[in-house]
Every structure is written in C-alpha cells, then in structure tokens.
Amino acid sequence: SAPDAALSQLAFSHSGRVMFAGTSRGMLCALKYPLSHPLEFKVHLVHNASVSRMAFSMDDRFLFTASDDGSLFFFKVRDKESRGLQPTKREVEYAGEIVITKTELQEKNSTITELHVRIDELKVENSYQQRLQAESQHSSVTKM
C-alpha cells in the first residue's frame, strides 16, 4: 500500500469485472471488483513517475499503461481468483525512439537552423581570412 501516493488514473474493463488504479508514484493497483470492505487489492511498482494514461484492449485481455516518465507498459489481465497483473516474462527492452512535445521539437529544429547559419558564417569568415593571408603572402613575395 502507498498512503502518500495519490490516484492519477482509473481504468475499468469493458466487462465491468476488473478495475485498476494508477498512482502519482507510478504504482498500479489491481482491485477486486465490485469493491468490498475492507478493500482488496494488489500493488505493483511499474513506472518511475505518475501513471498518466490507462486503457484496456477491446477484448479486456490487456491493460496498457503510460507514464510521465515516457514509458509504456502492457499487461495480460487475468480475471480468475487472483484478478491480478501478469507482466510479460521477457526482459524489458527499451525503444530507440523517444517521445517529445511539439514545442521541444520546434526548439530543437530552431537550434539546428541557427547552428547551420553559424556554420555558413564561419565558412565565409574562414574563406575571407585565407584570402587576406594569401594576399599578404603574395605581396611579401612581390617585395622580395
């Protein structure tokens, strides 16, 4: 249990027999539904930041969770006595891609454009300096 973690997301299966809660600390709670008193649930630490989205597949076999840490997980859902999560048995593989906001992408593109302009300016400046140096050397040779 996590008394200091606020609920950030709730997801109900399409059948209405399963419920999951995501917390601000990245935990996922599998709750026995319909709810009873005392509340019966299992807690799984899944994400490193707040759970931002949760959704069931159309057939209620999978639960998808996304987090503010940028990760996306999916679980095979069991609706037996344990009514718990069944994470995939494979080792977690991280994608080579990352998700960024449109604003961040625009800022990166702007920075790239500015750097290309600076490169062009440096090429012109370098060319000018080489020309001055060549003229200086040519005049030195002419004087000799």
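A good place to start is the hairpin made by β2 and β3, which has three residues between its strands. In its turn sits Gly26, with a positive phi of about 85 degrees. Keep in mind as you look around that this is a predicted model.

**The hairpin strands**

Strand β2 covers residues 18-23 and strand β3 covers residues 27-32. The two pair in the antiparallel sense over five bridges. On its other pairing, β3 is joined to β4 by five bridges, and these two strands also run antiparallel.

To find your way along β3, it helps to follow some of its residues and their partners:

| Residue | Stands opposite or bridges to |
|---|---|
| Ala21 | Cys29 in β3 |
| Gly22 | Leu28 in β3 |
| Ala30 | Lys42 in β4 |

How much of β3 is covered? Five of its six residues are buried, so the strand is mostly covered, where buried means under 20% relative accessible area.

**The whole sheet**

Stepping back, the hairpin belongs to an open sheet of four strands, in the order β1-β2-β3-β4, with antiparallel pairing. Why is one side of β1 and of β4 left without a neighbour in the sheet? Both strands, β1 (7-12) and β4 (41-45), stand at the edges and have a single partner strand each, so one side of each stays without a neighbour there. From one strand to the next, the twist averages 20 degrees.

As background, strands of a sheet pair through backbone hydrogen bonds, in either a parallel or an antiparallel way.

Notes:
Residues numbered from 1 in each chain as written. Predicted model: local features only at pLDDT ≥ 70, side-chain atom pairs only at ≥ 80, totals over all residues. Heavy atoms only, no water. Pairing = 2+ DSSP bridges. Axes fitted to C-alpha atoms, helices over the stretch in contact; angles between N-to-C directions. Buried < 20%, exposed > 50% of the residue type's maximum accessible area, 1.4 Å probe, protein only.
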